[in-house]
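Hi there,

Here is the structure I promised to pass on. Have a look at it first, and then read my notes underneath.

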Amino acid sequence: MPTSTIQRKFGSDLLDTLSHNAAASPLEALTELIANSYDADAAHVEVYLSHDGLVVKDDGHGMSSRELETDFYRVGDSKKKKKRNSPAGRVYLGSFGLATLAIRMLAKEYMLVTTKDGETSRVQERFAEKLNLEDTLQV
């Protein structure tokens, strides 16, 4: 019997499907964001409503613009799978790389501001009706 190969392909609805399943509820989506603060070794996390909307603010170690691209915005993968502990020795809570999709459960748009080693990066995203595998964000 001859053998052949089949290549797995991802449908155009993959990110939408993942984003709807990344968090089962707004509370679970918020928990994912707080877990990211914990994983960043934050000693303090503030969650409050402002005139701009929901704010999650922490004093964690932050991310460089490179880390935003290679870690935070890498959906479905996480460096936390390979390295199980934070720089301060905490066991990482997250490991699926779905935080940016969980945000979609909470808002139609968001702004992320992060500072590491004196470099401040800002990302603002307004979610499209349908997410795209090739979306590009400005940092």
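**What I found**

Let me begin with helix 4, which is mostly covered, as six of its eight residues are buried. Those buried residues are Ala-99, Thr-100, Leu-101, Ala-102, Ile-103 and Arg-104. Before you read on, please keep in mind that this is a predicted model.

Now for the overall layout. The protein chain has four helices and four strands, and along the sequence they follow the pattern α-α-β-β-α-α-β-β. Of the 139 residues in the protein chain, 31% are buried. The accessible surface of the chain comes to about 9900 Å², and carbon and sulfur atoms account for 53% of that. As for contacts between residues at least 6 apart in sequence, 53% of them join residues at least 24 apart.

Helix 3 is a nice one to look at next. It covers residues 65-72, and its buried residues are Glu-67, Leu-68 and Phe-72. Looking down the axis of helix 3, you will see these buried residues fall within an arc of 105 degrees, so they line one face of the helix. In general, an α-helix has 3.6 residues a turn, so residues three or four places apart point the same way. On the face of helix 3 turned away from the buried side you will find the exposed residues Arg-66 and Glu-69. And what do the buried residues of helix 3 pack against? Their partners are helix 2 (26-39), helix 4 (99-106), strand 3 (109-116) and strand 4 (119-126).

On to the first two strands. Strand 1 (residues 45-50) and strand 2 (residues 53-58) run antiparallel and are joined by six bridges. Together strand 1 and strand 2 form a hairpin, with two residues between them. If you want a spot to zoom in on, Tyr-48 stands opposite Val-55 in strand 2.

Ser-37 is worth a click too. This residue lies in helix 2 and is buried, with a relative accessible area of 2%. Leaving aside residues up to four places away in sequence, Ser-37 touches Ala-42, Val-45, Val-56, Asp-58 and Arg-90. Arg-90 turns up again in another setting: it lies over the face of Tyr-38, at 4.4 Å from the ring centre. As for aromatic pairs, a search of the whole structure finds zero.

Last, two aspartates in loops. Most residues other than glycine have a negative phi. Asp-41, though, has a positive phi, near 65 degrees, and Asp-117 has a positive phi as well, near 50 degrees. Where do they sit, and is each one buried or exposed? Asp-41 is in the loop between helix 2 and strand 1. Its relative accessibility is 18%, and buried means under 20%, so Asp-41 counts as buried. Asp-117 is in the loop between strand 3 and strand 4. Its relative accessibility is 77%, and exposed means over 50%, so Asp-117 counts as exposed.

Cheers

Conventions
Residues numbered from 1 in each chain as written. Predicted model: local features only at pLDDT ≥ 70, side-chain atom pairs only at ≥ 80, totals over all residues. Heavy atoms only, no water. Buried < 20%, exposed > 50% of the residue type's maximum accessible area, 1.4 Å probe, protein only. Contact = heavy atoms within 4.5 Å. Areas by Shrake-Rupley, 256 points an atom, 1.4 Å probe, with all protein chains shown as cover. Arc of directions from axis to C-beta. Pairing = 2+ DSSP bridges. Phe/Tyr/Trp six-rings, centres within 6.5 Å; stacked < 30°, edge-to-face > 60°. Lys NZ or Arg CZ within 6 Å of the ring centre and 35° of its normal.
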